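This briefing introduces a protein chain and its ligand to a first-year reader. Please consult the sequence and the three-dimensional view while reading the points that follow.

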Amino acid sequence: MRALWQSCHVTNRLFYGDNLDVLRQHVPAASVDFVYLDPPFNSNRSYNVIFNRHDVMRDADSAQIQAFDDTWRWTPVTDQQYSEYISGELPNGVADALAAFRTLLGENDALAYLVNMAPRLVELHRVLKSTGTLYLHCDPTMSHYLKVMLDAIFGASGSIGGCNTAGGLVNEGGWGGASGSAGYVE
Ligand SMILES: C[S@@+](CC[C@H](N)C(=O)[O-])C[C@H]1O[C@@H](n2cnc3c(N)ncnc32)[C@H](O)[C@@H]1O
């Protein structure tokens, strides 16, 4: 298997874990051509995986496990993270955007979600090549705030296409690196 891996010159790697840790610890700056992300939407729901093909669990009520929780709350931990982010841990423009969101929204679920997303989007910008492109998929719940956040990170001129809504379900925008270019997905 190892020989096959080497002979194919395969260099792709699959990481499992919190993407903030993975990005910070394993992905060098300016090394990525393309980022596509389908992050949590702040849908205020928990999503489950249902086992119904292999009879892993026969009781319908228990035949599922939680896949991920898309609920966000303003907590002392979030408050601490926010303070660190606006005190120099994140770039000035992003700190300004977070502070503006706090003024606008108050300390609530939406702000907790944005505090979670901010450092991850900053890291994705860091790892992107100047010719690279990032596409973000989300729904209208948070898309307008995410676009502002990405404009704060990439610069408003880096936005290509911005966000678009079709039938209230699809909402994608592209952001290019310093000299990047890209199409638009609807
Ligand atoms: C909207 S879902 C995307 C689902 C995926 N596109 C699919 O089709 O199955 C958001 C995903 O982000 C993952 N996620 C949330 N926070 C994460 C984090 N900090 N690091 C890595 N993945 C995370 C969740 O586990 C969930 O699978």
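A residue is called buried if 20 or more other C-beta atoms lie within 10 Å of its own, and exposed if 12 or fewer do. By this criterion Ser143, Tyr145, Leu146, Met149, Leu150, Ala152, Ile153 and Phe154 are buried in helix H6. The model is a predicted one. In the protein chain, buried residues make up 23% of the 186 residues.

**Overall architecture**

- The protein chain contains 6 helices and 7 strands.
- Along the sequence, these elements follow the pattern α-α-β-β-β-α-α-α-β-α-β-β-β.
- Among the contacts in the protein chain with a separation of 6 or more, 66% join residues that are 24 or more positions apart.

**Surroundings of the ligand**

- The residues around the ligand are Asp18, Asn19, Asp38, Pro39, Pro40, Phe41 and Phe68.
- By class, this shell consists of 4 nonpolar, 1 polar and 2 charged residues.

**Strand S1 and its partner**

- Strand S1 comprises residues 32-37, and the count of buried residues among its 6 residues is 0.
- S1 runs parallel to strand S4 (residues 128-137), and 5 bridges join the two strands.
- Within this pairing, Leu37 stands opposite Leu136 in S4.

**Ser31, ahead of S1**

- Ser31 belongs to the loop between helix H2 (19-26) and S1.
- Ser31 has 11 other C-beta atoms within 10 Å and is therefore exposed.
- Although Ser31 and Leu128 are 97 residues apart along the chain, their C-alpha atoms are separated by 6.0 Å.
- Leaving aside residues up to four places away in sequence, Ser31 touches Val127 and Lys129.

**Two asparagines in the loop after S1**

- Most residues other than glycine have a negative phi.
- Asn42, which is not a glycine, has a positive phi of about 60 degrees.
- Asn44, likewise a residue other than glycine, has a positive phi near 60 degrees.
- Asn42 lies in the loop between S1 and strand S2 (45-50), and Asn44 is found in the loop between S1 and S2 as well.
- Is each of these residues buried or exposed? Asn42 counts as buried because it has 22 C-beta neighbours inside 10 Å, whereas Asn44, with 12 other C-beta atoms within 10 Å, is exposed.

**Helix H4**

- Helix H4 (residues 92-105) has 14 residues, which should span 20 Å at 1.5 Å a residue; the end C-alpha atoms are 20 Å apart, so the expected and modelled spans agree.
- Which residues of H4 are buried? They are Val94, Ala97, Leu98 and Phe101.
- These buried residues cover an arc of only 95 degrees around the axis, and therefore they lie on the same side of H4.
- On the other side of H4, the residues Asn92, Ala100 and Thr103 are exposed.
- Against which helices do the buried residues of H4 pack? Their partners are helix H3 (76-89), helix H5 (109-127) and helix H6 (143-154).
- Gly106 follows H4 and has a positive phi, near 80 degrees.

**Leu124 in helix H5**

- Leu124 is located in helix H5.
- Leu124 counts as buried because it has 22 C-beta neighbours inside 10 Å.
- In sequence Leu124 and Val35 are 89 residues apart, while in space they are 7.6 Å apart, C-alpha to C-alpha.
- Which residues does Leu124 touch, not counting residues up to four places away in sequence? They are Leu23, Val35 and Leu134.

**Helix H6**

- H6 has 12 residues and reaches 16 Å from its first C-alpha to its last, close to the 16 Å expected at 1.5 Å a residue.
- H6 is also one of the helices against which the buried residues of H4 pack.
- Gly155 follows H6, and its phi is positive, near 90 degrees.

Key. Residues numbered from 1 in each chain as written. Predicted model: local features only at pLDDT ≥ 70, side-chain atom pairs only at ≥ 80, totals over all residues. Helix = DSSP H or I, 4+ residues; strand = E, 2+ residues; numbered from the N terminus. Contact = placed C-beta atoms within 7 Å. Near = placed C-beta within 6 Å. Nonpolar A, V, L, I, M, F, W, Y, C, P; charged D, E, K, R; others polar. Pairing = 2+ DSSP bridges. Expected span 1.5 Å × (residues − 1). Arc of directions from axis to C-beta.
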